[in-house]
There are 2 protein chains.
Amino acid sequence: MSGEDAPAQQQNAVDQKQETKPAEEPKAEPPKTESAPAGTAEAAATPAATTDKAPEEETFTYRALVLTGYGGYDKVKLQVKKGKPALKAGEVLVRVKACGLNFADLMARQGLYDRLPSPPVTPGMECSGVVEAVGDEVTDRKVGDKVMVLNRYGLWQDVAAVPASHTFLIPDGMTFEEAAALPVNYITAYMMLFDFGNLRPNQSVLVHSAAGGVGIAATQLCKTVKDVTVFGTASASKHETISSGGVTHPIDYRTKDYVEEVRKISPKGLDIILDPLGGSDTHKAYNLLKPMGKLITYGTANMLAGQKKNLLAVAKNWYHQFSIHTLSLIQGNKSVCGFHLGYLDGETELITQAMNTILDLYKQGKVKPRIDSTWHLEQVGEAMRKMQERNNIGKVILTTEPMPEEEKKEETKKEDKKEDKKKDDKKKEDKKKDDGKKEEKKEEKKKEEPKKEEKKEEEKKEEAKKEEK
Amino acid sequence: MSGEDAPAQQQNAVDQKQETKPAEEPKAEPPKTESAPAGTAEAAATPAATTDKAPEEETFTYRALVLTGYGGYDKVKLQVKKGKPALKAGEVLVRVKACGLNFADLMARQGLYDRLPSPPVTPGMECSGVVEAVGDEVTDRKVGDKVMVLNRYGLWQDVAAVPASHTFLIPDGMTFEEAAALPVNYITAYMMLFDFGNLRPNQSVLVHSAAGGVGIAATQLCKTVKDVTVFGTASASKHETISSGGVTHPIDYRTKDYVEEVRKISPKGLDIILDPLGGSDTHKAYNLLKPMGKLITYGTANMLAGQKKNLLAVAKNWYHQFSIHTLSLIQGNKSVCGFHLGYLDGETELITQAMNTILDLYKQGKVKPRIDSTWHLEQVGEAMRKMQERNNIGKVILTTEPMPEEEKKEETKKEDKKEDKKKDDKKKEDKKKDDGKKEEKKEEKKKEEPKKEEKKEEEKKEEAKKEEK
């Protein structure tokens, strides 16, 4: 997660693209790779070396998902890149097996996440795989090591060159899918609960989106502390799963007011609230804190509405953004914290400490990532849709396993269907707009009603006056 | 610290005052006690019982400090009250030996602390003494127990009726002065460092007013954790004392910019900052936090300027009051907390837990309150002045020991001197105002300077043009 490295790599990428373009142009490259050099830091380092490298290095190709511009699911495209990523001192080359999807990736696609360089760029903050080559000065990793990786971006591809300090050895018995599901969600949940939250026995915690990646990690981590009560929000269909996972009180936020539900059970409020929503939900969370309570906000999921940037949702989130005065904090004895792993650049020691504790808990059988579904790189759009529409229970994973030809055909059929779905969506959106207009009309009507009432009142007064006369 | 009790008692006090007034009036009470019934909850409960109580109860008198109105040091007066405070179920009567002074008492005198009822009222949030009587339903305290007491107000008097749950047994070897110095400062420091702050080995902490009551408590508590670095601000004359008390890096905030001094030693910033100042110092503290750092603000000492309410200081504090958006917290991975023991009403369990840990540390010799000076009740004004002018190192204590007649005479002489001092203060304040005006003039001059510079530039251009021609 060294952010200081990342921009430098990006810079190199652009420089080298300019330098090497004349040499590249004569070659007949497949059109898919056109944007590759600028696409990722790792890929970018290669072309300069193409002239005097061994044939294997020259002919090396790999697939990478590339965000080609901000927008909908179709903006992430699978491309083939050429040239083996060169290793800098301290780096290892990882043959990627599985990648994790995160909310930040969805935000990034809409242009709402400033830790990702401008497109074209390869997203992906976490993956698992096998070390394929080791750069100079790397002493604690060797070829063949199974590792999980945490990086600012650039991991959704077949191979990735990353600092060895961003890799963690996968313990025995953990699958590649589990390993790709672990870093972001568990480190996030761990640091929120045990660093800012200072979770102790007998306390109460509210976990929003309790069936999501962070939600499941947080629930499992809560259960490692004695007698912690977990309130978890999720739609009703997921309640059985989250209850068996450790949520004491599941709340269906779609049909019930979660604040009321919590107050019924815990009238004094809560010790810790994890808030991935932002906007007005942060206000609610603050008011729901006990004295000495901690509100930890770690996202603005309320900004995400639909697959493209929804300006109304963004503006609403800004408008309702929570701002707090210290005098209010003092009088309430409250704490407000903000967390985002993507901004913890260079805090290798903190992250390694957290990861070691999490892996110990895994070995003791106390935590275990739950995989919702695994998708081929070709299916990244569908994978993102599943997560964004909150249809997942647990982690959504991408695998680099080649997609069988049969499935690819199936996929093409689906694509056609998706096109139909898009049309449907469009229709639905238009319908919503129409409904919106209808609503507006209704509102106007409502406003007119009181006027009528007023008129009636006036008429009555007139009549009364007449009677008096 | 049960706030739910306090307003109710206050309410009772008013009610009973009204009920009992006719019965009281015929008696020739000394004028000093006129305001007593409304003055404290404990005293208020008595008059109703005077008619049918035993003679000892009737003739019982005690001294109490009473805040008679908002203002300077002279607003706290020593009065004699009549009638033994009646005990409610769950209460004990404590013969007070020593009382602690706190910043909140100074704020209260100026009308800047809303946890104290309106004057006339007896201030005092902490004291030590001996249990003299035990009410119904009290099982864990007996007559003769040496206790320290924490209450919302009303402890600066010879006897006080308080809930038994607000008392803590004094361990062997602890003096009454130490016991009166312990509750507010050590619970405050403990909860800030170990609940909100989650202090761990190798971390760094900034303690403002490191020679004050909370400052010394916080320093001692920091030293109970391995390899914690303490930065402490205090005027240079106090550096030797705070260094030997555990401050790693003393900083003279009067001659140096503490932010710069901290950055020199710890360029990345700090893990925990305890901020009793408020206003612009809270902004500085926020910027001085490391990622995952915690800012804990627990006062607005910057509001206190002079012995009477300084509207300019108050306004300045409000103007510079720190307000934070959650998006800033998220991007910084920071935490902002507010703490004030006076608002932790009814959190008996939390407070008892903290107190038990602190007393264990005392028994192990790891913490020990440092007494700056002890004053008779008659000297409360001087005691408050010493604290407000930051001339103390450690805790300022009041003792209920009768003042020897000789000292009283001395005191009268001092009073005369104080009058002179007041005149001096007035002169100083006037001088300050003049200095302020001078400063303003200087500022204006500065503004004029750039204008001159601009003119010079213009002249140069003119000359250049001429030369071109």
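How many residue pairs in polar contact does the rule find across the interface of chain B and chain A? The rule finds 17 such pairs, both residues at pLDDT 80 or more. A polar contact is a pair of N or O atoms within 3.5 Å; within protein, one must be able to donate a hydrogen and the other to accept it, and residues adjacent in sequence count only if both atoms are side-chain atoms.

This is a predicted model, in which local features need pLDDT of at least 70, side-chain atom pairs count only at pLDDT 80 or more, and totals for chains, interfaces and linings use all residues. Residues are numbered from 1 along each chain as its sequence is written, chains are lettered from A and ligands numbered from 1 in the order in which they are written, and side-chain values use heavy atoms, with hydrogens and water left out.

The model scores ipTM 0.78 and pTM 0.79. For chain A the mean pLDDT (the predictor's confidence in each residue, from 0 to 100) is 81, and 73% of the residues reach 70 or more. Over residues 1-51 of chain A pLDDT stays under 50, and the model has 79 contacts (heavy atoms within 4.5 Å) beyond four places in sequence for them. Residues 429-469 of chain A also stay under 50, with zero such contacts.

Now the interface. Chain B and chain A each bring 40 residues to the contact. Between them they bury about 3500 Å², 57% of it on carbon and sulfur atoms; buried area is the accessible area (1.4 Å probe) that two parts lose on being put together, summed over both. In chain B, Met292(B), Thr326(B) and Ile330(B) lose the most area to chain A, together 18% of what that side buries.

Six salt bridges cross the interface, a salt bridge being a side-chain nitrogen of Lys or Arg within 4 Å of a carboxyl oxygen of Asp or Glu. One of them joins Asp195(B) to Lys294(A), at 2.4 Å from N to O.

Strands also meet across the chains. Helices (H or I, at least four residues) and strands (E, at least two) are DSSP runs, numbered from the N terminus, and two strands pair if DSSP finds at least two bridges between them. Strand β14 (residues 335-338) of chain A runs antiparallel to β14(B), joined by three bridges. Here Ser335(A) stands opposite Cys337(B).

Within chain B, strand β4 (residues 126-134) pairs with strand β3 (residues 91-100) in the antiparallel sense over seven bridges, and Leu93(B) has Ala133(B) as its bridge partner. β4(B) also pairs with strand β5 (residues 146-150), again antiparallel, over five bridges.
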